[in-house]
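Biologist: I am new to this structure and would like to go through it with you, one topic at a time. Could you put it in front of us before we begin?

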Amino acid sequence: MRIRAKLLLSTLLVMAGALLLDTPPRADDTWTPPRHNGCVLERKTQCPGADLSGAVLANLDLRGADFQGANLRGADLRHTDLRGVNLADADLGGADLTRAILISTNLRGADLRQARLVAIDSWNLFAQKANFDGADLTGANLEFGRLTRASWRHARLRAANLEMAWMNKSNLEHADLRDANLQETKLNLSTLEGADVTGARLRFTNFQGTYMRDCSGCPRDW
């Protein structure tokens with residue numbers, strides 16, 4: 001009988017705990033998204049042209065948001081979920097996007113000079129004509145990126161994954177591409193002057209018409 005009583009008590013405690021977990025939160029316990037200069041920082045928010053310079057947006061879920069033309073200069077976007085976000089023509093100069101998620105994100109024409117994009121996850125990134133000059137993209141995943149006519153002068157792309165990325169007509173002068181994955185990357189009519197691709201994976205990489213003066217590790221048979 002004692003054993004049955006203990007089992008019954010344990011069952012009742014488990015059921016009570018489950019009911020507590022399912023209890024809806026009180027009004028004062030609900031989470032409200034942060035705001036910055038009138039912009040509500042949540043999923044699918046509409047803040048084109050907003051001034052978010054220096055804002056702390058780290059660890060937020062901003063999927064599907066519209067920040068076209070916004071000023072995010074120096075903003076903290078570490079670990080932020082930016083999937084499907086519109087950042088076309090935005091100013092992200094000096095911003096920190098370390099380990100941010102930029103899958104199918106729109107960065108067309110965006111300014112990312114001196115930004116930190118270390119270890120970002122950005123499969124299918126749209127960044128045509130974007131400026132990454134001096135940016136740190138160490139270990140970044142840029143697989144299948146649409147990066148035509150982008151500028152990467154003096155950018156750090158060491159160990160970055162650029163497999164099957166479209167980088168035609170891009171400027172990679174003095175870029176650090178050591179140990180990067182450039183398998184099947186399209187670099188037609190691009191410039192790699194002074195760049196370093198030592199140790200990079202160059203299987204089926206397309207260098208048609210690419211300028212390679214003073215490039216370390218570039219193939220010599222093109």
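Modeller: A disulfide is a pair of cysteine sulfur atoms within 2.5 Å. We are looking at a predicted model, in which local features need pLDDT of at least 70 and side-chain atom pairs count only at pLDDT 80 or more, while totals for chains, interfaces and linings use all residues. Residues are numbered from 1 along each chain as its sequence is written, and side-chain values use heavy atoms, with hydrogens and water left out.

Biologist: Which cysteine is joined to C215, and what is the S to S distance?

Modeller: The structure holds two disulfides, and in the pattern 1-2, 3-4 the bonded cysteines are counted along the chain. One of the links joins C39 to C47, with S to S at 2.1 Å. The partner of C215 is C218, and their S to S distance is 1.9 Å.

Biologist: Why is the disulfide of C215 and C218 called right-handed, and what is its torsion?

Modeller: The link of C39 and C47 is right-handed too, with 100° about the S-S bond. For C215 and C218 the handedness follows from the torsion about the S-S bond, so the disulfide is right-handed at about 65°.

Biologist: Is C218 buried or exposed, and what is its relative accessible area?

Modeller: Buried means under 20% relative accessible area, exposed over 50%, and partly exposed in between, with a 1.4 Å probe and protein chains only. Both C39 and C47 are buried, and C215 is buried because its relative accessible area is 2%. C218 is likewise buried, since its relative accessible area is 6%.

Biologist: How many aromatic pairs does a search of the whole structure find, and what is the angle between the planes of W123 and F144?

Modeller: Rings of Phe, Tyr and Trp (its six-membered ring) pair if their centres lie within 6.5 Å, and planes under 30 degrees apart count as stacked, over 60 as edge-to-face and the rest as tilted. The search of the whole structure finds two aromatic pairs. W123 and F144 form a tilted pair, 5.5 Å centre to centre, and the angle between their planes is 55°.

Biologist: Is W123 buried or partly exposed, and what is its relative accessible area?

Modeller: Its partner F144 counts as partly exposed because its relative accessibility is 23%. W123 is also partly exposed, as its relative accessible area is 39%.

Biologist: Which class of aromatic pair do F132 and W152 form?

Modeller: F132 is buried, with a relative accessible area of 1%, and W152 is buried as well, at 0%. The centres of F132 and W152 lie 4.1 Å apart and there are 5° between the planes, which makes the class of this pair stacked.

Biologist: Where is confidence lowest in the protein?

Modeller: The confidence of the predictor in each residue is its pLDDT, from 0 to 100, and the protein averages 90, with 86% of the residues scoring at least 70. Helices (H or I, at least four residues) and strands (E, at least two) are DSSP runs, numbered from the N terminus. Confidence is highest in β2, at 97, whereas the lowest mean, 47, belongs to helix α1 (residues 2-22).

Biologist: How many contacts does the stretch 13-28 have beyond near neighbours in sequence?

Modeller: Contact means heavy atoms within 4.5 Å. Where pLDDT is low, the predicted coordinates should not be read in detail. Over residues 13-28 the pLDDT is below 50, and the number of contacts in the model beyond near neighbours in sequence is one.
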